[in-house]
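Here is a short set of exercises to work through with the structure open beside you. Try each task before reading its solution.

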Amino acid sequence: MPSLSEETGGRVERLMPGATIGIIGGGQLGRMMALSARYMGFRIGVLDPTPDCPTAQVADFQITAEYDDINAIRELAERSDVLTYEFENVDADAIDQVRALAAAPQGTDLLRVTQDRVNEKRFINDHGTETAPWKAVNSFEELDAALDEIHYPAVLKTRSGGYDGHGQTVLRSDADLERVRARGDRGGGFPPSILEGFVDFAFEASILVAGNGEDYVTFPIVRNEHRNNILHMTIAPAEVSDEVAHEAHALALRLAEGFRLAGILAIELFVTKDGRVVVNELAPRPHNSGHYTIEACSFDQFDAHIRGIAGWPLEQPQLLKPAVMVNVLGQHVAPTRALIADHPEWNVHDYCKAEVRHDRKMGHITVLTDDTAETVAGLESTGCWNDLKKA
Ligand code: AMP
């Protein structure tokens, strides 16, 4: 695992309005970051291969090139005061190469740790925090040996590059193992992987922590409902015991301090039936499960991200009202648009993506409420999300 170097993390040079923030990646997360930054008076540049991508629509300039095009990253750095990113699979070496041109207040250790599930698990455990039991596995022999320790059911994941359940297989029996073996025999090979014990969780949750390199603040712990491995709904706050809430906040602060975090870190959690809080994975960026903060909190995850990388002070965010956030995937665009006029309580967010595709995140809706269960039932009863009904 990379050791944390002195030059990354820690004190962030304070940025003043008028400075330019360069964002690598121009999707909805970049767009919402850019909108927050604009309110604070920053200028925005974005690097994304799609002309007029969601972030470019609200930015000052776009560099239209692939994310890993080093010349394009250099140009973005030349035209920016600081660099940030909206996804974690950014080339950390490329960012290091241009750090003389623009600051990278988040550092690149955070990227290197979160890009690799083994580094990530080790970092989490080294900071006094529980994960599923795990073993790095690089061959079928190592997988057999790891299964002897971890036992079924287990989850085999690629070390890097996986998202929304891609690159992972649940192993419940020898028959599942044989299927993985057959895949390898057909030429799939054995990518560097990690075997995790299957966590029999009561529900999935997440917590956001923000930092400016020196001080750290946490957002409330929220409950997440996934369908087909994609986030469907977030309920804020999660109904948890004081102990669970306390552990979630404490582990978030431990990890933030470990990274000397600047900007936002999202922490995906499992809450077990016996009240333990187990970290699943980390995302070094604003997160879909934090979109509710835009309306429900005293300042939101995008504000916190921008303030953090700008070296501004951070105040502990307050939940002003409970909220339910539901994603609008491609198949939900038409049915939700047809109902917008009937639902003044819907805070509608449309990412203005040119192409509507099945399962593509196109927008989200947040409802502030005193009764989250009633609101969840009300949203489901519209029928807009019937394709995601649990079998
Ligand atoms: P990930 O790509 O690691 O976020 O995993 C996607 C989803 O798979 C999670 O949101 C969980 O629902 C499920 N999952 C992943 N790892 C585990 C695990 N070790 N135990 C149980 N469920 C898991």
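**Exercise 1. Salt bridges**

Find how many salt bridges the rule counts in this predicted model, then work out which parts of the chain Lys-121 and Glu-196 tie together.

Solution. Start with the total: the count comes to 24 salt bridges. Now take one pair, Lys-121 and Glu-196, whose closest N and O atoms are 2.9 Å apart. The cut-off for a salt bridge is 4 Å, so the 2.9 Å of this pair meets the rule. Next, place both partners: Lys-121 is in helix α5 (residues 117-126), while Glu-196 belongs to strand β8 (residues 193-197), so the salt bridge ties together parts 75 residues apart in sequence.

**Exercise 2. Confidence**

Decide where the model should not be read in detail, using pLDDT as your guide.

Solution. Begin with the whole chain: its mean pLDDT is 95, and 96% of the residues reach 70 or more. Then look at residues 1-8, where pLDDT stays under 50. The model does have 21 contacts beyond four places in sequence for this stretch. Even so, predicted coordinates should not be read in detail where pLDDT is low.

**Exercise 3. Domain 1 against domain 3**

Describe the interface of domain 1 and domain 3, going from the overall layout to single residues.

Solution. First, the layout: the chain is divided into domain 1 (5-104), domain 2 (133-197) and domain 3 (201-381). The C-alpha centres of domain 1 and domain 3 are 23 Å apart.

Second, the extent. The size of an interface is often given as the accessible area lost when the parts come together. Here about 2,400 Å² is buried between domain 1 and domain 3, with carbon and sulfur atoms giving 63% of that area. In terms of residues, 29 from domain 1 are in contact with 30 from domain 3.

Third, the polar side of the picture. The rule finds one salt bridge across this interface. Glu-88 and Arg-285 meet through their side chains in a salt bridge, with N to O at 2.6 Å. Eight residue pairs are in polar contact across the interface of domain 1 and domain 3.

Fourth, the elements. On the side of domain 1 that touches domain 3, α1 (28-39) and β4 (82-85) are the elements that give two or more residues. The largest share, seven residues, comes from α1. By class, this side of domain 1 has 14 nonpolar, eight polar and seven charged residues.

**Exercise 4. The surroundings of Arg-159**

Locate Arg-159 and list what its side chain and the whole residue touch.

Solution. Arg-159 sits in the loop between β6 (154-158) and β7 (168-171). Its side chain makes a polar contact with the side chain of Asp-116 at 3.0 Å. Leaving aside neighbours within four places in sequence, the residues in contact with Arg-159 include Gln-115, Arg-117, Asn-119, Ala-136 and Ser-193.

**Exercise 5. Unusual backbone**

Which residues are joined by cis peptide bonds, and where is the positive phi of Asp-52 found?

Solution. Recall the background: most residues other than glycine have a negative phi, and most peptide bonds are trans. One cis bond joins Tyr-152 and Pro-153, with omega about -10°; Pro-153 is in the loop between α6 (140-150) and β6. Another joins Ala-236 and Pro-237, with omega about 0°, and Pro-237 lies in the loop between β12 (230-236) and α8 (242-259). Finally, Asp-52 is not a glycine, yet has a positive phi of about 60°; Asp-52 is in the loop between β2 (43-47) and β3 (61-63).

Notes. Residues are numbered from 1 along each chain as its sequence is written. This is a predicted model: local features need pLDDT of at least 70, side-chain atom pairs count only at pLDDT 80 or more; totals for chains, interfaces and linings use all residues. Side-chain values use heavy atoms; hydrogens and water are left out. Domain bounds come from an automatic or database domain assignment. Contact means heavy atoms within 4.5 Å. Buried area is the accessible area (1.4 Å probe) that two parts lose on being put together, summed over both. A polar contact is a pair of N or O atoms within 3.5 Å; within protein, one must be able to donate a hydrogen and the other to accept it, and residues adjacent in sequence count only if both atoms are side-chain atoms. Helices (H or I, at least four residues) and strands (E, at least two) are DSSP runs, numbered from the N terminus. Ala, Val, Leu, Ile, Met, Phe, Trp, Tyr, Cys and Pro count as nonpolar, Asp, Glu, Lys and Arg as charged, and the others, Gly among them, as polar. pLDDT is the predictor's confidence in each residue, from 0 to 100.
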